[in-house]
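Reader: I am new to this structure and would like to go through it with you. May I ask some short questions as we look at it?

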Amino acid sequence: NEYKSYLSVGRRYTLSLLVPDFMLRCLPRLNKRSHVLRSLATKQDAFSAEDISKTPLTDIRNIGVSAHIDSGKTTVTERILYYSGRIDAIHDVKGKDGVGAKMDSMELERQRGITIKSAATCMQWKGKTINLIDTPGHIDFTVEVERSLRVLDGAILVLCGSGGVQTQTYTVYRQMQRYGVPFISFINKLDRMGADAYRVLGEMRDKLKLNAALLQLPIGVEKEFSSVVDILGERVVSFNGDNGEVLTYGDVPTSLEGDLISRRTELIECLSNVDDELGERFLMEEDISNSDIESAMERAVKSQLFTPVLMGSALKNKGIQPLLDCVNKYLPNPSEVKNYALKVADESKVLMDPERTATNPLVALAFKLEQNHFGQLTYMRLYQGRLKRGLPLLNTRTGEKLRVPRLVLMNSNETQDVQEAYAGDIVAMIGVDCASGDTFIAGDMDETDKLSMESIYVPEPVISLMIKNVKSKDNNNFAKALNRFQKEDPTFRCEYNAEHREMIISGMGELHLDVYAERIRREYGCTIELGEPTVNYRETLDENAAVNFSVTYKRQSGGRGQFGHIEGTITALENRSADLEFVNSVTAGAIPPNFVKSVEKGVRTAMKEGALTGNPVSGIRFELKTGKTHTVDSSDWAFSWAGYFAIMEHFVKRAIALEPWMTLEVSCPDEFSGGVLTSITERRGITSSLDVKEGFCTVFATAPLKEMFGYSTKLRTLTQGKGEFTMEFKEYLPVESKDQEVLIQEYKKSDVYQNQQKSEFGV
């Protein structure tokens, strides 16, 4: 009754405020299958921004929430914020309640029901401070996941209980591997039709090759899903109250006791395979306690050798509190992760000291930019030292010195001022002009000790289209919008095409560019028109081809002339998307070093322009073997042109065009599978596998990007609006010969090609 009276006024307290623990231990069991409530209220006290700087290093967790689109990760994050006391009420992701999820602050996100940009927040859970970043699930916004994982120490991988391992799940998992981020897994949406936690676990093992095991068992399936069994605690955990904040613990049903024992044994076996200490005890058939299992699990998770699997339904407010407990228990704190910076002077690695003290020199990475009404918002991860308001800083890339005007903690689009932050914290600076990936160090650091953090991987755009501002009075706002979005998102590119007098924008997919076009309309009031999307082709050498070149650039028009002669070989790299590999094999000083650099500059210029179809060149090895110089006429200019024409005149003889191919995952009711398979084949697609479960069909395939434009409309027609698909860049493959000929002829008609032909004088 006491507890109910508190709930009636919207207040929630921990049990210690209501009933002393010794009284609980004296109370008898109510019946065989029901334990006394051990945690009546799990909602935490109000958040204090000022306490963050006082948090011990071992009590900090920097985590991200990542998943395939529509797996429910933003809903998971909303519940995490609610139970941790960061927000006072739970809201709908799509904004049906007029408010929307906290982490989806953009109106466009709420309307579309998807996360477009990553959002950061900070909270406290049972004595630990958790810096959390909610990331987008759509492949078009993958750079948001990329730069978030770059600065995080751990993550939660959310999987859909019915969808299982999907296309973007693979991508997120590869990104976690790239940055060495350990993670725990959460199978969400177990209340959904077709949900099966055991099948999802099998897919994690088979498709992702993960060493994974369950920490919980589901009670009930689909709409009957009600609670979970804690395998280590050997008890049922139920989530009651208006929003699942009341946890009750009961006895395990007799029907699940056998499954509990077998799954506990399976958990021990999985850990024994990767943990020597537990493995030895297992082989010796010694008794293994829960404490032994938890210690081994902590070591294995932090070493990226194991991932524990929890489950629930965030929408139904089930399973989130145990997930947070596992974040505290198994994911690493900043002191347990080794981070390195590079010395600018010699590029040697320097291990960062994560101790939270002002005595260490500051090193911080700007990993994300955003514009708000106060100016530029720069998200920072501190790796060493202290960042304080008013402190002098140095931007390693630009050499610019500045002072921190304002320092804040983020809670989605809200800010809370703080005076200082230490190593391990994620904060934001307001009013500092910089670029994503910049490193900031203490302003008084010696020039020879300047450090820079390793940059963030940025994938190349695969699609382009024309964008036009209709009203000339909006030109200023239009330019501001393009400049801002290019700065915030390194995968969004903008370039003026002088030949057609058009502005071309490039990105990761149709949705990516469509979102930015809509933001230009809404946020800057511009009336714009978009052209048809075009594919970003590439050029490279034919497989196993080798081209020998001998180029002489010579011009004489009275007075000093221009002379440069080079010889060498151009070969194909195994990775067709790789950047130029320039090899200097010149001996006996045949070409001075400064002219060698000029040759490379000319080669790179030609590679940007393209030689066969006017598209950038990739995946080649350019070996410069020898050359000749003239004591008077040789110059940087001449050798730069010689390198340029080595590509234009020799590489082009064995060049081929490449087009981007995508991996597809098409889902639809089984009755429409025949039409879907035919539609993929018609688009030159290659089906790799077909998965049918619970009357639903999932097709895995690859197809050229060029053929996939407008496929969403076609799919809706084929499946009566019940089908959906996701697409992700896979690789560049050779264009069909007839399509290559079309590209060549179109290029030869262009002004760019005609101007190149005129510039050949002197070669």
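Reader: Which residue stands opposite S452 in strand 24?

Author: In this predicted model, the residue opposite S452 of strand 24 is L342.

Reader: And how many bridges join strand 12 to strand 24?

Author: Strand 12, residues 340-343, is joined to strand 24 by three bridges, and the two run antiparallel.

Reader: What is the order of strands in that open sheet of three?

Author: The order is 13-12-24, with antiparallel pairing. Strand 13 (349-351) and strand 24 (451-453) are the edge strands, each pairing on one side only. From one strand to the next, the twist averages 45°.

Reader: Let us turn to the open sheet of seven strands. What is its order?

Author: Its strands follow the order 2-3-1-4-5-11-6, and the pairing is mixed.

Reader: Why is one side of strand 2 and of strand 6 left without a neighbour in the sheet?

Author: Strand 2 (119-125) and strand 6 (212-214) stand at the edges with a single partner strand each, so each has one side without a neighbour in the sheet. The twist in this seven-stranded sheet averages 25° from one strand to the next.

Reader: In which sense do strand 1 and strand 4 pair, parallel or antiparallel?

Author: Strand 1 (residues 60-67) and strand 4 (residues 154-160) pair in the parallel sense, over five bridges. Within these strands, V65 stands opposite I156 of strand 4.

Reader: Which strands does helix 3 touch?

Author: Helix 3, residues 73-83, packs on the sheet and touches strand 1, strand 2, strand 3 (128-134), strand 4 and strand 5 (183-188). The direction of helix 3 makes about 155° with that of strand 3.

Reader: What about helix 6, which strands does it lie across?

Author: Helix 6 (residues 167-178) lies across strand 1, strand 4 and strand 5, and runs at about 170° to strand 4.

Reader: Back to helix 3, please. At roughly what angle do the axes of helix 3 and helix 11 cross?

Author: They cross at roughly 80°, and the axes come within 10 Å. Helix 11 covers residues 320-330. Because of that angle, helix 3 is roughly perpendicular to helix 11.

Reader: Which residues make the contact?

Author: Helix 3 contributes V76, R79, I80 and Y83, while helix 11 contributes I320, Q321, L323 and L324. These residues of the contact divide into six nonpolar, one polar and one charged.

Reader: A change of topic: how many cavities of 30 Å³ or more are there?

Author: The count comes to six cavities of 30 Å³ or more. The largest cavity has a volume of about 120 Å³.

Reader: Which residues lie nearest the centre of the largest cavity?

Author: I116, K117, E144, Y516 and R519 lie nearest its centre, out of 16 residues that line the cavity.

Reader: And which helix gives the most to that lining?

Author: Helix 13 gives the most, with four residues. Helix 5 (142-151), strand 14 (363-372) and helix 13 (510-524) each supply at least two residues of the lining.

Reader: How many residues of the lining are charged?

Author: Nine are charged, with six nonpolar and one polar making up the rest of the lining of the largest cavity.

Conventions. Residues are numbered from 1 along each chain as its sequence is written. This is a predicted model: local features need pLDDT of at least 70, side-chain atom pairs count only at pLDDT 80 or more; totals for chains, interfaces and linings use all residues. Side-chain values use heavy atoms; hydrogens and water are left out. On a 1 Å grid over the protein atoms alone, a cavity is a set of points where a 1.4 Å probe fits but cannot get out, and a pocket is an open set with protein on both sides within 12 Å along at least five of seven lines; lining residues have an atom within 4 Å of a point. Grid points are joined across faces, edges and corners, and a volume is the space filled by probe spheres set on the points. Ala, Val, Leu, Ile, Met, Phe, Trp, Tyr, Cys and Pro count as nonpolar, Asp, Glu, Lys and Arg as charged, and the others, Gly among them, as polar. Two strands pair if DSSP finds at least two bridges between them. Axes are lines fitted to C-alpha atoms, for helices over the stretch in contact, and angles run from 0 to 180 degrees between N-to-C directions. Contact means heavy atoms within 4.5 Å. Angles under 35 degrees count as roughly parallel, over 145 as roughly antiparallel, 65 to 115 as roughly perpendicular and the rest as oblique.
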